[in-house]
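The report below turns to the charged side chains and the pockets of the structure shown here.

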Amino acid sequence: MGERALRLAQGLRQIFDSRGLDWHVSRVGARLEFGFGPAPRNGSEAEATMRPDYEHALHLWLLNRGLLVTPFHNMMLTAPMLPRAAIDALCHEIGAFIDAT
């Protein structure tokens, strides 16, 4: 699970870095999430970076492509049986969404 979560975290960071986005990825074990700004240090900072309309559009984009991300905090969990191709597809589609918006 950790290897899969690391792959996903690295993929997301590469997407954000390559597009010059100051977005963050937070990971604890097999659980990770990303946010639209630098990693917050408290609830007020977290709230300031929230983009509910953008997040909703991203989730619809992913759903229309057969991919599901938890509809709060962009949270994801990995599992030992999660195919690496699924991680790559998720990263690809998040990058495609960013490029399209």
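## Salt bridges and exposure

Glu45 is partly exposed in this predicted model, because its relative accessibility of 24% lies between the limits of 20% for buried and 50% for exposed residues. Its salt-bridge partner is Arg41, with the closest N and O atoms 2.7 Å apart, and Arg41 is itself exposed, having a relative accessible area of 71%.

A salt bridge also joins the side chains of Arg31 and Glu33, where the N to O distance is 2.8 Å. Arg31 counts as partly exposed at 31% relative accessibility, whereas Glu33, with a relative accessible area of 16%, is buried.

## A link between distant parts of the chain

Asp99 and Arg19 form a salt bridge in which the closest N and O atoms are 2.7 Å apart. This pair connects distant parts of the chain, since Asp99 belongs to helix α4 while Arg19 sits in the loop between α1 (2-18) and β1, and the two are 80 residues apart. Asp99 counts as exposed at 51% relative accessibility, and Arg19 is partly exposed, with a relative accessible area of 31%.

The salt bridges come to seven in total, and a network of them links Glu3, Arg4 and Arg84.

## The largest pocket

The largest pocket holds about 270 Å³ of space. Its lining is made up of 16 residues, and those closest to the centre are Glu33, Phe34, Ala46, Met50 and His73; Glu33 is thus found both here and in the salt bridge with Arg31.

At least two lining residues come from each of β1 (24-28), β2 (31-35), α2 (43-49) and α3 (52-63), with β2 giving the largest share, three residues. Sorted by class, the lining of the largest pocket contains seven nonpolar, six polar and three charged residues.

## The second largest pocket

For the second largest pocket the enclosed space is about 230 Å³. Among the 14 residues of its lining, Leu68, Met76, Leu77, Leu82 and Leu90 lie nearest the centre, and the elements that contribute two or more residues to this lining are β3 (75-77) and α4 (84-100).

The lining of the second largest pocket consists of eleven nonpolar and three polar residues, with no charged residues, while three charged residues are counted in the lining of the largest pocket. Helix α4, which supplies residues to the second largest pocket, is also the element that carries Asp99.

Methods: Residues are numbered from 1 along each chain as its sequence is written. This is a predicted model: local features need pLDDT of at least 70, side-chain atom pairs count only at pLDDT 80 or more; totals for chains, interfaces and linings use all residues. Side-chain values use heavy atoms; hydrogens and water are left out. On a 1 Å grid over the protein atoms alone, a cavity is a set of points where a 1.4 Å probe fits but cannot get out, and a pocket is an open set with protein on both sides within 12 Å along at least five of seven lines; lining residues have an atom within 4 Å of a point. Grid points are joined across faces, edges and corners, and a volume is the space filled by probe spheres set on the points. Helices (H or I, at least four residues) and strands (E, at least two) are DSSP runs, numbered from the N terminus. Ala, Val, Leu, Ile, Met, Phe, Trp, Tyr, Cys and Pro count as nonpolar, Asp, Glu, Lys and Arg as charged, and the others, Gly among them, as polar. A salt bridge is a side-chain nitrogen of Lys or Arg within 4 Å of a carboxyl oxygen of Asp or Glu. Buried means under 20% relative accessible area, exposed over 50%, partly exposed in between (1.4 Å probe, protein chains only).
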